[in-house]
Amino acid sequence: MAVDPAPVTETPRSLWQQRQQQLTTFVNWDLKARLAVRAGARSDSASLVWKRSGSEQEIQLFGPFGGGRVHISEKLDRAILADGAGQEIQGRSAEEVLFSALAWSVPFTEMGYWVRGLPAPGKHDGIGLDYSGRARRLPQRGWQLEYPEYRTFQGVELPNRIVIRALPGTVTLDRGDPAAVDLISVKLVIGSWSGQPK
């Protein structure tokens, strides 16, 4: 009597490699989320609408964060922030103009990868995976990421909640509370996400 071969069990590492291949092509999206930031004793939050198409992106923040509405557009190495009063700030990146306007440190460049559960290009200090091959912990570029929850959006499993904390002594603020240097965090709760792999 023929014996069926034992099923091959995929390891977290092989599942992670499959996820990376799928998510690397997921570069065009419309994301809606709740964003909360903290730096020492300062804290604030906003509704976030983030539209990305390849290397171009638009980021809108609504609510108490920024005192109303903040719109950031970024193309290649140029970003423009416009506030509710019509004032504009220009810089090289979304995080640069946001920090210039409001003194908040939000690493949008890396977050373009982190929101998909991927490391940003360059070095990182190892990825903690769960049994399904999903990132749960990722230290990179002075930040420690935690992914406590995932959800399926349009057939693609993506992070639903992300907690990003600055590692001690790695992220500095040029102004504001000097005690805030080691107490910087960004939390993201994603409500909806639409988009298709490239």
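These exercises work through the salt bridges of a predicted model.

**Exercise 1. How many salt bridges does the structure hold?**

Solution. The structure holds 8 salt bridges. The exercises below take up some of them.

**Exercise 2. Describe the pair Glu 96 and Arg 92, and classify each residue as buried, partly exposed or exposed.**

Solution.
Step 1: the contact. The two side chains, Glu 96 and Arg 92, form a salt bridge with an N to O distance of 3.0 Å.
Step 2: Glu 96. Its relative accessible area is 28%, so Glu 96 is partly exposed.
Step 3: Arg 92. Its relative accessibility is 61%, and exposed means over 50%, so Arg 92 counts as exposed.

**Exercise 3. Which parts of the chain does the pair Arg 141 and Glu 110 link, and is each residue buried or partly exposed?**

Solution.
Step 1: the contact. Arg 141 and Glu 110 meet through their side chains in a salt bridge, 3.0 Å from N to O.
Step 2: the location. Arg 141 sits in the loop between β8 (135-140) and β9 (143-153). Glu 110 belongs to helix α3 (residues 108-114). The two are 31 residues apart, and the pair links distant parts of the chain.
Step 3: the exposure. Arg 141 has a relative accessible area of 44% and is partly exposed. Glu 110 has 12% relative accessibility; buried means under 20%, so Glu 110 counts as buried.

**Exercise 4. Which strands hold Glu 149 and Arg 161?**

Solution.
Step 1: the contact. A salt bridge joins Glu 149 to Arg 161, with the closest N and O atoms 3.3 Å apart.
Step 2: the strands. Glu 149 lies in strand β9, and Arg 161 in strand β10 (residues 156-166), so the pair ties together parts 12 residues apart in sequence.
Step 3: the exposure. Glu 149 is partly exposed at 31% relative accessible area. Arg 161 is partly exposed at 33%.

**Exercise 5. Place Arg 134 in its salt-bridge network and describe its surroundings.**

Solution.
Step 1: the network. Salt bridges link Arg 19, Asp 130, Arg 134, Arg 136 and Glu 157.
Step 2: the location. Arg 134 is in the loop between β7 (128-129) and β8.
Step 3: the exposure. Arg 134 has a relative accessibility of 15%, under the 20% cut-off, so it counts as buried.
Step 4: the polar contact. The side chains of Arg 134 and Asp 130 make a polar contact at 2.8 Å.
Step 5: other contacts. Leaving aside neighbours within four places in sequence, Arg 134 touches Arg 19, Gly 128, Leu 129, Tyr 150 and Glu 157. Arg 19 and Glu 157 also belong to the network.

Notes: Residues are numbered from 1 along each chain as its sequence is written. This is a predicted model: local features need pLDDT of at least 70, side-chain atom pairs count only at pLDDT 80 or more; totals for chains, interfaces and linings use all residues. Side-chain values use heavy atoms; hydrogens and water are left out. A salt bridge is a side-chain nitrogen of Lys or Arg within 4 Å of a carboxyl oxygen of Asp or Glu. Buried means under 20% relative accessible area, exposed over 50%, partly exposed in between (1.4 Å probe, protein chains only). Helices (H or I, at least four residues) and strands (E, at least two) are DSSP runs, numbered from the N terminus. A polar contact is a pair of N or O atoms within 3.5 Å; within protein, one must be able to donate a hydrogen and the other to accept it, and residues adjacent in sequence count only if both atoms are side-chain atoms. Contact means heavy atoms within 4.5 Å.
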